[in-house]
Amino acid sequence: MQKDNIQALGKLIATPKNVLVIGHKNPDGDAIGSCMGWALFLRSLGHQVEVIMPNDYPDFLTWVPAQEEIVLFSENPDSVQKSVSDSDLIFTLDFNHFSRLGEDFARVLKSSDSTFVMIDHHEQPDDYAEVCISHPEYGSTAELVFECIFHLDMLDKINKEVASCLYLGIMTDTGSFKFPSTTARTHEIASVLITKGAKSSEIQQKTFDSSSYHRLKLLGQAMQNLKYLPEYSTAYIHLSQDEMDKNNFQKGDTEGFVNYGLSIKGVVLAAIFKEDKNQNIIKISFRSKGNFDVNKLARTHFHGGGHINAAGGRSDLSLKETMEKFVHLLDAYKTELNAAL
Ligand code: 5GP
Ligand code: MN
């Protein structure tokens with residue numbers, strides 16, 4: 001972490017300000033965890049802090065401390081616009097490009113003359129932030145938030161609530177400390193957070209063992225649809241809008257489904273294609289093992305991005321055409337796929 005960045009950050013938060021903390025569209029555990037953790041930390045320093053998300057988040061995150069205060073742009077665009085105009089300082093966490101906010105919210109931020117600080121762990125950051133704390137080598141933004149607080153020498157400000165939020169972010173973005181981005185330092189940080197009051201087992205349970213009956217039926221459908229292409233070390237799943245409707249689909253229900261494809265021995269690349277008739281797009285998640293770069297795949301072919309082993313994107317083609325495009329593409333990556341492990 002760069003010393004001058006931390007110094008600049010320290011200076012910005014030294015006096016009480018009107019602060020916004022903003023996460024990305026379709027917020028996940030890391031977006032909610034890092035934003036709420038950072039917001040509660042800032043509040044303990046005397047700042048006026050509002051947390052804004054572009055749209056709603058899944059039910060399994062409604063246990064998070066103080067999440068009920070989150071303002072959704074999708075439901076309150078006018079009040080968010082006012083908050084943005086009134087703010088002195090805006091933190092954008094867990095994303096690095098305004099396009100991750102959706103068009104309307106992006107436009108509001110683009111026209112703001114507030115001071116921006118980015119804290120993020122995705123590749124290729126945009127240049128909107130005065131202070132850009134961008135570290136793609138970190139497994140989660142929540143871990144990066146912890147390191148910021150550590151380097152600011154303010155660990156004493158991490159109470160049980162902040163610790164629980166940051167633990168959530170680290171846990172979800174590392175696949176419960178399983179992905180290659182998990183380091184000895186990640187475990188060290190988890191240990192500090194537990195010491196400060198984060199209840200590991202309880203957080204895991206509330207987040208992962210709170211499935212509905214319908215979600216498991218939908219998982220059953222997804223497994224029925226699983227395709228395995230051993231010649232490309234690839235497995236993929238699709239869900240049509242009709243299949244999701246039949247199983248009472250709720251936001252967040254497909255979280256983690258893509259990992260089942262990746263759990264097949266020898267599979268290097270896994271994908272899930274979800275039809276979204278509301279937005280008229282196919283939403284795609286990619287996961288990989290080893291050095292096969294799904295960030296590049298998503299960026300090059302599916303208007304998306306992310307990290308080397310986890311990325312997402314979308315397609316404007318039909319579900320069938322999108323999957324045909326994907327399978328067709330695999331041929332060009334065959335050597336890379338088969339050499340990745
Ligand atoms: P997920 O598949 O869980 O939605 O996302 C995996 C990773 O890819 C996350 O880090 C997420 O931020 C990123 N990601 C997902 N969808 C998109 C997208 O449409 N565009 C970009 N740039 N990144 C995405
Ligand atoms: Mn993240």
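## Loops, sheets and two ligand sites in a predicted model

At a relative accessibility of 10%, Ser233 counts as buried, because the cut-off for that class is under 20%. The structure is a predicted model. Ser233 sits in the loop between strand S7 (227-229) and S8. Although Ser233 is not a glycine, its phi is positive, at about 50 degrees.

A second residue with a positive phi that is not a glycine is Asn248, where the angle is near 55 degrees. Asn248 belongs to the loop between helix H10 (241-246) and helix H11 (258-262). With 36% relative accessibility, Asn248 counts as partly exposed.

**Strands S8, S9 and S10**

Strand S8 (residues 234-239) is joined to S9 by six bridges, and the two run parallel. Within this pairing, Ala235 stands opposite Ala270 of S9. S9 is also joined to S10, here by eight bridges and in the antiparallel sense. Ala271 faces Phe286 of S10 as its opposite residue. S9 and S10 make up a hairpin with four residues between them. In the turn of that hairpin, Asn280 has a positive phi of about 60 degrees.

How is strand S9 (residues 269-276) placed with respect to the rest of the structure? Seven of its eight residues are buried, so S9 is largely enclosed by the rest of the structure.

**The six-stranded sheet**

Another part of the model is an open sheet of six strands in the order S3-S2-S1-S4-S5-S6, with parallel pairing. The edges are taken by strand S3 (71-72) and strand S6 (131-134). Each of these has a single partner strand, so one side of each is left without a neighbour in the sheet. Elsewhere in the order, strand S1 (residues 18-22) and strand S4 (residues 89-93) pair in the parallel sense over four bridges. Leu20 has Ile90 in S4 as its bridge partner.

**The manganese ion**

The manganese ion is ligand 2, and its protein donors are Asp30 (OD), Asp94 (OD), His121 (NE2) and Asp173 (OD). These donors lie 2.2 to 2.4 Å from the ion. Along the chain they follow the spacing D-x63-D-x26-H-x51-D. The pair Asp30 and Asp173 links distant parts of the chain, with their positions 143 residues apart in the numbering. Asp30 is in helix H2 (residues 29-44), while Asp173 is in helix H6 (residues 160-173). Asp30 and Asp173 are buried.

**The surroundings of ligand 1**

There are 13 residues around ligand 1, and Arg100, His122, Lys283, Ser285 and Arg287 come nearest. The table gives distances from an oxygen atom of ligand 1 to an N or O atom of the protein.

| Residue | Protein atom | Distance to an oxygen atom of ligand 1 |
|---|---|---|
| His122 | side-chain N or O | 2.8 Å |
| Ser285 | side-chain N or O | 2.6 Å |
| Gly312 | backbone N or O | 3.3 Å |

On its own, ligand 1 has 490 Å² of accessible area, and the protein covers 79% of this. Which elements give two or more residues to the shell around ligand 1? They are strand S10 (281-288), strand S11 (305-306) and strand S12 (310-315). S12 provides the largest share, four residues. By class, the shell holds two nonpolar, eight polar and three charged residues. S10 thus appears both in the shell around ligand 1 and in the hairpin with S9.

**Helix H8 and the loop before it**

Thr207 is part of helix H8 (residues 200-208). Is Thr207 buried or exposed? With a relative accessible area of 4%, Thr207 is buried. Its side chain and that of Trp63 are joined by a polar contact of 3.3 Å.

Lys196 is found in the loop between helix H7 (184-195) and H8. Lys196 has a relative accessible area of 28% and is partly exposed. The C-alpha atoms of Lys196 and Lys160 are separated by 5.7 Å, although the two residues are 36 residues apart along the chain.

Key: Residues numbered from 1 in each chain as written. Chains lettered and ligands numbered in written order. Predicted model: local features only at pLDDT ≥ 70, side-chain atom pairs only at ≥ 80, totals over all residues. Heavy atoms only, no water. Near = heavy atom within 4 Å. Polar contact = N/O pair within 3.5 Å; in protein donor to acceptor, adjacent residues only side chain to side chain. Areas by Shrake-Rupley, 256 points an atom, 1.4 Å probe, with all protein chains shown as cover. Nonpolar A, V, L, I, M, F, W, Y, C, P; charged D, E, K, R; others polar. Donors = N, O, S within 2.8 Å, 3.2 Å for Na, K, Ca; no water. Buried < 20%, exposed > 50% of the residue type's maximum accessible area, 1.4 Å probe, protein only. Pairing = 2+ DSSP bridges.
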